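Thanks for sending this one over. Here are my comments, set out point by point so you can follow them alongside the coordinates.

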Amino acid sequence: MRYYVLDRGDPLSVELSQQFHKLAEQRGFELDAESPEIVVSIGGDGTMLHAFHTFIDRIPDLAFVGVHTGHLGFYADWKADEIPKLIDLMCGIGDPKIMKPRIVKYPLVQLEIHKKSGTASFIALNEFTLKGVDGTLVAQVDINDVTFEMFRGDGICISTPSGSTAYNKSVGGAMVHPSIDALQIAEIASINNRIFRTLGSPLLLPKHHHCDIFSSKDQRLLLTVDHNNFQIDDLISVRCQVAEQKVSFARYRPFPFWNRVRDAFLG
Ligand code: NAD
């Protein structure tokens, strides 16, 4: 098996990474930074976001596994003391019923940025947000090429189902099961009064629908794509939709989404 490990860089994550390499070598795994079949993220959800973007060009060809060295992560189900067990299961040793991993696939959001100075495209695992740098974001929102609303407020958050438990949750979005091919549009502190009006509710777009956000004035904007930030001074529009490709996670045991939601938010 060709594998690669990314760790958060803190002492425990580095130690676990070394332990993984040692056990993997004993089992004949091949360390491959170019074309791994499995990428193991050791740290937290932020480490998984980093791993995802490191291998963004190879997403269809590999599966991720997450080990958490802090609290239970949404993308990291294995605990720090479970590396030997994980390696056993990766080799097919242990419970014969789960010798082969179940590959679960989660939807992603793709965005195309149109600027006066050119175009760019991105894929998000959690979400992308668009915010004003100097104050209110003023933007026209179209859905499927029809004008929907004129947005004024702090920003707009467009999340994937697996990202619905992250930033999206903080701005009042709904939790969406990752088996649903959809993206969610949630407002970040919209201005609503007699003059300015937005929907005021999060909404879900199914696959094959698209949303365009047009910058409605000269404004400096901050685009975030997961943990990455970009300042854009000449935005024309952003088009977003559910991506064609999905991200794969290798499950060597069940890790139900609703259990994660309960354990993370209700205790
Ligand atoms: P970070 O270290 O500040 O992490 C923020 C928190 O988000 C961490 O507790 C992390 O575990 C959690 N998180 C990440 N992905 C999650 C998911 N899918 N479900 C539930 N919780 C999740 O920042 P980072 O490590 O660089 O991560 C970037 C992410 O932080 C962004 O993708 C965004 O979702 C999140 N974020 C949240 C807020 C907010 O809730 N107000 C603000 C900014 C960024």
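How many Å separate the centres of domain 1 and domain 2, taken over C-alpha atoms? Please keep in mind throughout that this is a predicted model.

1. **The two domains.** The answer is 30 Å between the two centres, again over C-alpha atoms. Domain 1 is made of residues 2–101 together with 252–265, while domain 2 runs from 108 to 245. In the contact between them, 14 residues come from domain 1 and 20 residues from domain 2.

2. **The buried area between them.** Domain 1 and domain 2 bury about 1,300 Å² between them, and carbon and sulfur atoms contribute 73% of that area. On the domain 1 side, three residues deserve your attention: L49, Y75 and F257 supply 39% of the area that domain 1 buries against domain 2, more than any other three residues.

3. **Helix α1.** This helix covers residues 11–26, so to speak a good place to begin a closer look. Its 16 residues reach 23 Å from the first C-alpha to the last, close to the 22 Å expected at 1.5 Å a residue. The buried residues of α1 are S13, L16, S17, F20, L23 and A24. They sit on the same side of α1 because they cover an arc of only 135 degrees around the axis. On the other side of α1 you will find P11, E15, Q18, K22, E25 and Q26, which are exposed.

4. **What covers α1.** The cover over the buried residues of α1 includes three strands, β1 (2–7), β3 (38–43) and β4 (63–68), as well as helix α3 (83–90). Just after α1, G28 has a positive phi of about 80 degrees.

5. **Helix α5.** In α5, the buried residues are F257, R260 and V261. Seen down the axis of α5, these residues fall within an arc of 100 degrees, so they line one face of the helix. They pack against β5 (102–115) and β15. F257 thus appears in two of my points: as a buried residue of α5, and as one of the residues that supply area against domain 2. Just after α5, G267 takes a positive phi of about 80 degrees.

6. **F265.** Is F265, which belongs to helix α5 (residues 257–265), buried or partly exposed? F265 is partly exposed, with a relative accessible area of 36%. Not counting residues up to four places away in sequence, F265 touches F74, T165, K169 and M175. As for H53, F265 is 212 residues from it in sequence and 26 Å from it in space, C-alpha to C-alpha.

7. **T224.** Strand β13 (residues 221–225) is where T224 is placed. T224 has a relative accessible area of 7%, so T224 counts as buried. Its side chain makes a polar contact with the side chain of T129 at 2.4 Å. Beyond its neighbours within four places in sequence, T224 is in contact with E127, F128, T129 and N229.

8. **I236.** Which residues does I236, in strand β15 (residues 235–251), contact outside its neighbours within four places in sequence? They are H114, K115, K116, I213, F214 and S215. I236 and F214 are 22 residues apart in sequence but 5.8 Å apart in space, C-alpha to C-alpha. I236 is partly exposed, at a relative accessible area of 39%.

Terms used:
Residues are numbered from 1 along each chain as its sequence is written. This is a predicted model: local features need pLDDT of at least 70, side-chain atom pairs count only at pLDDT 80 or more; totals for chains, interfaces and linings use all residues. Side-chain values use heavy atoms; hydrogens and water are left out. Helices (H or I, at least four residues) and strands (E, at least two) are DSSP runs, numbered from the N terminus. The expected span of a helix is 1.5 Å times one less than its number of residues. Buried means under 20% relative accessible area, exposed over 50%, partly exposed in between (1.4 Å probe, protein chains only). The arc is that of the directions from the helix axis to the C-beta atoms. Contact means heavy atoms within 4.5 Å. A polar contact is a pair of N or O atoms within 3.5 Å; within protein, one must be able to donate a hydrogen and the other to accept it, and residues adjacent in sequence count only if both atoms are side-chain atoms. Domain bounds come from an automatic or database domain assignment. Buried area is the accessible area (1.4 Å probe) that two parts lose on being put together, summed over both.
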